[in-house]
Amino acid sequence: MDDTYISKQNGGHSNRSRLLLLLLLTGLQPVLSSDGETPELDDDDNVGEQKINCTIIGPDYVTVGVPSSIGCDSNCPECTYSMSLDGQTAQGQANVLAFTVNSWVEALTVACTATDDQTQQTATTTKKIQVLAGPANVSVTGPNLMNPTVSHTYSCHANCRPSCTYAWRIDKGPWISGHGNVISITPREMDDSKVLICKATNSVSGLFAATTRDIAVASGPSELHIKGPDVIEIAEKYIFTCSAKCQPSCRYVSSVDSQTVRGNVIEITVDHPLKSVTLKCEAQNTASRKMATTLKTVQIADHNLSTRPQVTSAVLLLTFIIFTPFTL
């Protein structure tokens, strides 16, 4: 539906007054009639009367959601203007039309008609205005986790009309363009995360919008150790826990001498005198598959073992309790 408004704009001199002024400037005195009025010019004198025209003044494009205005101008001294904008709500004041495009269309047509209030001559002109949209809904797609020293590809997308250009920034580095909407990143071993920023810019309006993603980098296992007592008593239960710094996580395999279980928590009981037992823990990063191993030697308390027969092949009773089960 078209919204049209009509306005009247006054000012300037009539054609008749301009003609009198021209005569005075050239030294010719107009001949007055007996009633003191200047006689009307005959039709031949009106042959050279200037034809009116009108021009639409305003941008060649507008952006969805951004207030805009467009005006109309004419060479007539006293004019009435009629302006319309197809399919959009508009408000007019004098010869200016103010509007906001609420949804994208390829183009809008503005029409203006100027009418000379004295001669009733009219002139009409139209102008097509390109409608732009965006950038909006900027997003970055790609892996949620990076592995160090491995190349990862990310792409940026935005709603743009007619099109958008893209620039990238990694951490606090410079803006990088010329790669389209795709970029490849290879994190280092020392990186815990990478901050990736994509900026989309409308290729015509220059408006831009950006989005940021903080992407974790797989790390570890590091700082691997087994927590538990260094000396244990015979016939007592003890819990040992293996832990490591891992991102995103690690899986564990624990063992005591030749007995092995999956998990990072074990409970052991020794019911025969031994000098010591050795605990072993292996941690593997679930993403990078990187592994690390640590050992812990636990002494068995000696309470007057010298009065007992020396047992060199004592049986070690181990009870393993898996607190964090998983599958490799």
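Two strands are said to pair if DSSP finds at least two bridges between them. The views below are taken from a predicted model.

**View 1. Strand β19 pairs with strand β22 in an open sheet of 3 strands.** Strand β19 comprises residues 237–247 and is joined to β22 by 5 bridges. These two strands run antiparallel. One point of reference for the reader is F240, whose bridge partner in β22 is I266. The strands of this sheet follow the order β17-β19-β22, and the pairing is antiparallel. Strands β17 (219–227) and β22 (265–269) stand at the edges with a single partner strand each, so one side of each is left without a neighbour in the sheet. From one strand to the next, the twist averages 20°.

**View 2. An open sheet of 5 strands shows mixed pairing.** The order of the strands is β18-β24-β23-β20-β21. The edge positions belong to β18 (231–232) and β21 (259–262); each has a single partner strand, so one side of each is left without a neighbour in the sheet. Strand β24 covers residues 291–300 and is joined to β18 by 2 bridges. Strands β18 and β24 run parallel. Within this pair, I232 has I300 of β24 as its bridge partner. In general, the strands of a sheet pair through backbone hydrogen bonds, in either a parallel or an antiparallel manner.

**View 3. R213 is a buried residue without a salt bridge.** This arginine lies in strand β16, which spans residues 208–217. The nearest side chain of opposite charge belongs to D214 and is 8.7 Å away. A salt bridge requires a side-chain nitrogen of Lys or Arg within 4 Å of a carboxyl oxygen of Asp or Glu. Which polar groups does the side chain of R213 meet? A polar contact of 2.9 Å joins the side chain of R213 to that of N144. In addition, a polar atom of the R213 side chain lies 3.2 Å from the backbone oxygen of P143. Residues up to four places away in sequence not being counted, R213 touches V140, T141, G142, P143, N144, Y154, K194, V195 and L196.

**View 4. Two cis peptide bonds precede the prolines P135 and P248.** One cis peptide bond joins G134 and P135, with omega about 10°. P135 lies in strand β9, which covers residues 122–141. Another cis peptide bond joins Q247 and P248, and here omega is also about 10°. Where does P248 lie? P248 is found in the loop between β19 and β20, the latter strand covering residues 250–256.

**View 5. D171 has a positive phi although this residue is not a glycine.** The phi value of D171 is near 55°. D171 lies in the loop between β12 (164–170) and β13 (176–177). Is D171 buried, partly exposed or exposed? The relative accessibility of D171 is 29%, and D171 therefore counts as partly exposed.

**View 6. R289 likewise has a positive phi in a residue other than glycine.** For R289, phi is near 70°. R289 lies in the loop between β23, which covers residues 276–285, and β24. With a relative accessible area of 49%, R289 is partly exposed; exposed would require a value over 50%.

Conventions
Residues numbered from 1 in each chain as written. Predicted model: local features only at pLDDT ≥ 70, side-chain atom pairs only at ≥ 80, totals over all residues. Heavy atoms only, no water. Helix = DSSP H or I, 4+ residues; strand = E, 2+ residues; numbered from the N terminus. Buried < 20%, exposed > 50% of the residue type's maximum accessible area, 1.4 Å probe, protein only. Lys, Arg positive; Asp, Glu negative; His and termini not counted. Polar contact = N/O pair within 3.5 Å; in protein donor to acceptor, adjacent residues only side chain to side chain. Contact = heavy atoms within 4.5 Å. Axes fitted to C-alpha atoms, helices over the stretch in contact; angles between N-to-C directions.
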